[in-house]
Number of protein chains: 2
Amino acid sequence: MDESKITERGRRTRQRIIEATGEQILASGIGGTTLDTVRAATLTSKSQLFHYFPGGKAELVREVAGWEGRQLFEAQEPFIHDLASWESWEQWRSGLVDYYISRGRWACPIGSLATQAAMSDPELEQVIADSMRAWRELLAEGVGRMRDAGLVAASADPMTVATVILAAIQGGLVLSQPERAAWPLEAALDSALAPLHAESLREGATPA
Amino acid sequence: MDESKITERGRRTRQRIIEATGEQILASGIGGTTLDTVRAATLTSKSQLFHYFPGGKAELVREVAGWEGRQLFEAQEPFIHDLASWESWEQWRSGLVDYYISRGRWACPIGSLATQAAMSDPELEQVIADSMRAWRELLAEGVGRMRDAGLVAASADPMTVATVILAAIQGGLVLSQPERAAWPLEAALDSALAPLHAESLREGATPA
DNA sequence: TCTTCATTGGACTTCATAGTCCATTCCTAG
DNA sequence: CTAGGAATGGACTATGAAGTCCAATGAAGA
């Protein structure tokens, strides 16, 4: 979408469409979200939808994926760029759980899209995969900082630990969703995070 | 579906429909699976689909969910009913990973349906939730046996540990799918399983 | 053999939804 | 004030998929 010929008014309309679509997808999935319901929710018209997203529904969904990804990252700021102490991890964890549970999200915009979209739209799959990779990268850097500071076993591979944490988030949400309870997510996350504060539990941890 | 007035021939046709639908759903999702493609793949006719599944697509999908659930449980036999030793857990793990990865499943029939169907079909959600609950139950019983045998910390809550393991499976698959690699699933699973063979690592585990 | 009912074939209907098109309105620069 | 392009409204089309219906076939027992 060429953004050069767009006014402020148009920008806001476009954004309104993206956000409403995001909500509907989170609530009803891609298949359960139709251009008509989006149109109704945003008080727009069919022509506007295609004006701002010439690629139709597929492009709209991709834009939603990108935006949701950015929102998810923002929700983890500023800790996601620190994660150099157990306190930082705890605060990061707290913010993340809040992001999912409060305001009844009950699903990961990225993870659930990944499942739904793996098939049917390779371009969307790419957008999702990029978010996932970036996310894992940031977590791995945090784990690396912990390791460099001697706060976690030197034998731990940051990328592996990061993957385990991400898997805990995604899997925890899969189980939390039907229960409408946060505890599965929290249990999974705590378990995955355990290696990061082992120093307080393990045998004579000499570091630092 | 009343099964009383069904011949062997009919039973096999019905089963053929279920299995073909299951494959298509796993590959393309519920939305990407149409009665026409199922009809084509099974060499049946529209009337047969509705003859065996009067409730239409929704009923067919529910039957698929039930059948896939049973298949998944079978793949975990006989270990899922044992899990009283670390060796048993290892063999169970091996069989499960094989079930997902070999023959390119790359997704959990139950978990991925859970994500797709949470919305749109409460009845299906029930079928899925039942499978999940039963699964967690079996795992928790195994953890309980390990605890009773003093092979795992007495402080560990079997249900929590079981949930963490399930979350690792589901989340691991979410990450493995786009990568088309088994390692995220294996890493997540190993991490979740760690408490079950801790006795060989931890400080003088006194339990029992 | 005949009857009956499960099974099958496939055309047809209905409906939801993505996408097109053109007219109209709004805003702003010149 | 006016011309042009962005923004908007909404009817219309095309399509694909679910679901209906009736006729034909096959098999098994009376």
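A polar contact is taken here as a pair of N or O atoms within 3.5 Å. By this criterion, in the predicted model described here, a polar side-chain atom of Thr13(A) makes such a contact with a phosphate oxygen of DNA strand D, at 3.1 Å. His51(A) likewise places a polar side-chain atom 3.2 Å from a phosphate oxygen of DNA strand D. A base of this strand is also approached: an N or O atom in the side chain of Ser47(A) lies 2.4 Å from a base nitrogen of DNA strand D.

The protein surface around DNA strand D comprises 22 residues, and Lys5(A), Thr7(A), Ser47(A), Gln48(A) and Tyr52(A) are the closest of these. Ser47(A), which contacts a base nitrogen, thus belongs to this closest group. At least two residues each are supplied by α1 (8-28) and α3 of chain A and by α3 and α4 of chain B. The largest share comes from α3(A), with five residues. By residue class, the surface near DNA strand D consists of five nonpolar, twelve polar and five charged residues. On the nucleic acid side, sugar or phosphate accounts for 62% of the atoms of DNA strand D within 4 Å of the protein, and bases account for the rest.

DNA strand C is surrounded by 23 residues, with Lys5(B), Thr7(B), Ser47(B), Gln48(B) and Tyr52(B) coming nearest. Two of these nearest residues are placed by their side chains against the backbone of the strand. Gln48(B) has a polar side-chain atom 2.6 Å from a sugar or linking oxygen of DNA strand C, and Tyr52(B) has a polar side-chain atom 2.8 Å from a phosphate oxygen of that strand. A contact from chain A reaches a base instead: an N or O atom in the side chain of Lys46(A) is 2.9 Å from a base oxygen of DNA strand C.

Both chains contribute helices to the surface near DNA strand C. α3 (46-52) and α4 (56-75) of chain A, as well as α1 (8-28) and α3 (46-52) of chain B, each give at least two residues. Of these elements, α3(B) gives the most, namely five residues. The residues of this surface divide into five nonpolar, twelve polar and six charged. Of the atoms of DNA strand C within 4 Å of the protein, 60% are sugar or phosphate atoms, the remainder belonging to bases.

The arrangement of the protein chains was examined next. Chain A contains nine helices and zero strands. The C-alpha trace of chain A spans about 65 × 40 × 30 Å along its principal axes. Chain B is superposed on chain A by a rotation of 180 degrees with 0.0 Å of shift along the axis, at an RMSD of 0.0 Å. This is the relation of a two-fold axis. Among the residues of chain B, Gly171(B) comes closest to the rotation axis, with its C-alpha at 1.8 Å. The copies meet through the same surface, because 97% of the interface residues of chain B are also interface residues in chain A.

Ten cavities of 30 Å³ or more are present in the structure, and the largest has a volume of about 190 Å³. The largest cavity is lined by 19 residues, with Thr115(A), Val174(A), Gly111(B), Thr115(B) and Val174(B) closest to its centre. Two or more lining residues each come from α6 and α8 (158-179) of chain A and from α6 and α8 (158-179) of chain B. The lining includes nine nonpolar and ten polar residues but no charged residues.

The second largest pocket has a volume of about 580 Å³. Its lining consists of 29 residues, and those nearest the centre are Ile30(A), Gly31(A), Ile30(B), Gly31(B) and Gln116(B). The elements supplying two or more residues to this lining are α4 and α6 (109-117) of chain A and α4 (56-75) and α6 (109-117) of chain B. The pocket lining is made up of twelve nonpolar, 13 polar and four charged residues. α6 of both chains therefore appears in the lining of the second largest pocket and in that of the largest cavity.

Notes. Residues numbered from 1 in each chain as written. Chains lettered and ligands numbered in written order. Predicted model: local features only at pLDDT ≥ 70, side-chain atom pairs only at ≥ 80, totals over all residues. Heavy atoms only, no water. Least-squares fit on C-alpha atoms with pLDDT ≥ 70 in both. Contact = heavy atoms within 4.5 Å. Near = heavy atom within 4 Å. Polar contact = N/O pair within 3.5 Å; in protein donor to acceptor, adjacent residues only side chain to side chain. Helix = DSSP H or I, 4+ residues; strand = E, 2+ residues; numbered from the N terminus. Nonpolar A, V, L, I, M, F, W, Y, C, P; charged D, E, K, R; others polar. 1 Å grid on protein atoms, 1.4 Å probe; cavity = no way out; pocket = protein on both sides within 12 Å on 5 of 7 lines; lining within 4 Å. Points joined across faces, edges and corners; volume = space filled by probe spheres on them.
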